[in-house]
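Reader: I am new to this structure and should be grateful for a close look at one part of it, the charged side-chain contacts. Please then set beside them whatever else in the chain deserves attention.

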Amino acid sequence: MASGKPITGGAIAAALLLGASAALAEPARIGIAAPLSGPTERLGRQLVAGAQAAAGDAALTIADDRCEAEGGAEAARRFVEDKVAVVVGFLCTEAIEAALPILSEAGIPTITPGVRTGALTDHRDRTGWLIWRLAPRADAEAEAVTDLLVRAWRDVPFAIVDDGTIYGRELAEAFRAAAELAGLKPVFVDTFRPQMDNQVGLVGRLRRAGATHVFVGGDRDDVAVMSRDAHAMGAAMTFAGGEALRAAGNGIPLADGTLMIGLPEWADIADPKVLEALEAAEIRPEGYVLPAYAAMQVALAAAAQLPPHVPDHLDTAIGTVTFDAKGDLAKNPYGVFQVAAGRFEAVEAK
């Protein structure tokens, strides 16, 4: 019932403040995009599980991007319709490239824990895409190999071999070029035939060249075979490779002392309280679970501001995340790990 009293400007202002306070009290709505069908569904489920575990009271809109352009665009349009504040997710370049123009036009920031494609952030000034990345860039592995090994192997006779694949050749060539730029020359460079039962011939050539340290642009099994054959020949050699060394093996173990330039196991560095919470929720901290958890933490921090604003740095479940001006990680997350009793243990870079 109306009181008959006139409504003053102060009353209107108070009502508006109460309305604004109520709106701010409502939990943010966050979008989660992941491939939830098709061959990458398992990884997408990991992403969703991690993001949901970190979401707290936030309202969620979950969309299957199907790891394809059409699916990414459909997910983006749904997020716009649902008025999400921030989006977390995407594992595939095609999906995120189709989604970003739509989301950025709507002013919705996107935090991806999985897409490494450099062009997403390299062309940010031109595209205006609102993208921040917890995943390393595609070129971060090669940069880490060149930076870490050039310094560590400055005073040892080293060799560089690759398996002829695009991945192996590019990684090996990046290291060779950086070494030569630093005034270092490998004692041996060659391309080997991969997936052989033995690499005795290659190891013999490495030994004759005097190599004590060998960088292998190739996969885990080839490195395991080389180190086994070197040991059998009595050749003291330290083998090193990229993050492919984390792949499942053919039964031949990697020798103790083998070096990997790769990413940490996120569960090894994660906040223990987060790990306890995941265990209580019966969520295994594997694959994309913890990166997605951290991405959701960044998203929630961004959504706490109006308009949403992604913080330059934030303490997360996997450590402090700091972004550069392009939205990439300011610090390369790759490090040096050494095999010890079948496990990779972090080695402090020299």
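**Salt bridges, a disulfide and the backbone**

Author: Asp268 and Arg343 bring their side chains together in a salt bridge, with an N to O distance of 3.7 Å (a Lys or Arg side-chain nitrogen within 4 Å of an Asp or Glu carboxyl oxygen). Because Asp268 belongs to helix α11 (residues 266-269) and Arg343 to strand β14 (residues 343-347), this pair ties together parts that are 75 residues apart in sequence. Helices (H or I, at least four residues) and strands (E, at least two) are DSSP runs numbered from the N terminus. Elsewhere, one network is formed by salt bridges that share partners, and its members are Asp122, Arg133, Arg137, Asp139, Lys326 and Asp328.

The model is predicted: local features need pLDDT of at least 70 and side-chain atom pairs pLDDT 80 or more, while totals for chains, interfaces and linings use all residues. Numbering starts from 1 along each chain as its sequence is written, and side-chain values use heavy atoms, without hydrogens and water.

A search of the whole structure finds 19 salt bridges. Two members of the network, Asp328 and Arg137, are themselves paired, with 3.0 Å from N to O. Their salt bridge links distant parts of the chain, 191 residues apart. Asp328 stands in the loop between β12 (319-322) and β13 (335-340), whereas Arg137 stands in the loop between β5 (131-133) and α7 (140-152). Both Asp328 and Arg137 are buried (under 20% relative accessible area; exposed is over 50% and partly exposed in between, with a 1.4 Å probe and protein chains only).

Another salt bridge joins the side chains of Arg228 and Asp229, at 2.9 Å from N to O. Here the two partners fall into separate classes of accessibility. Arg228 has a relative accessible area of 35%, so it counts as partly exposed. Asp229 has 6% relative accessibility and is therefore buried.

The chain also holds a covalent link. The count of disulfides (cysteine sulfur pairs within 2.5 Å) comes to one. This disulfide joins Cys67 to Cys92, with 1.6 Å from S to S. The link of Cys67 and Cys92 is left-handed, at -85° about the S-S bond. It connects distant parts of the chain, for its cysteines are 25 residues apart. Cys67 is placed in the loop between β2 (59-64) and α3 (69-81), and Cys92 in the loop between β3 (86-89) and α4 (93-105). Cys67 is partly exposed because its relative accessibility is 23%. Cys92, by contrast, is buried, since its relative accessible area is 9%.

Some features of the backbone complete the account. Most residues other than glycine have a negative phi, and most peptide bonds are trans. Cys67, although not a glycine, has a positive phi of about 60°. Phe90 is likewise a residue other than glycine with a positive phi, near 80°. The loop between β3 and α4 contains Phe90, and this residue is buried because its relative accessibility is 0%. That loop is also the place of Cys92.

Finally, the peptide bond joining Leu306 and Pro307 is cis, with omega about -5°. Pro307 is found in the loop that runs between α13 (289-303) and β11 (313-316).
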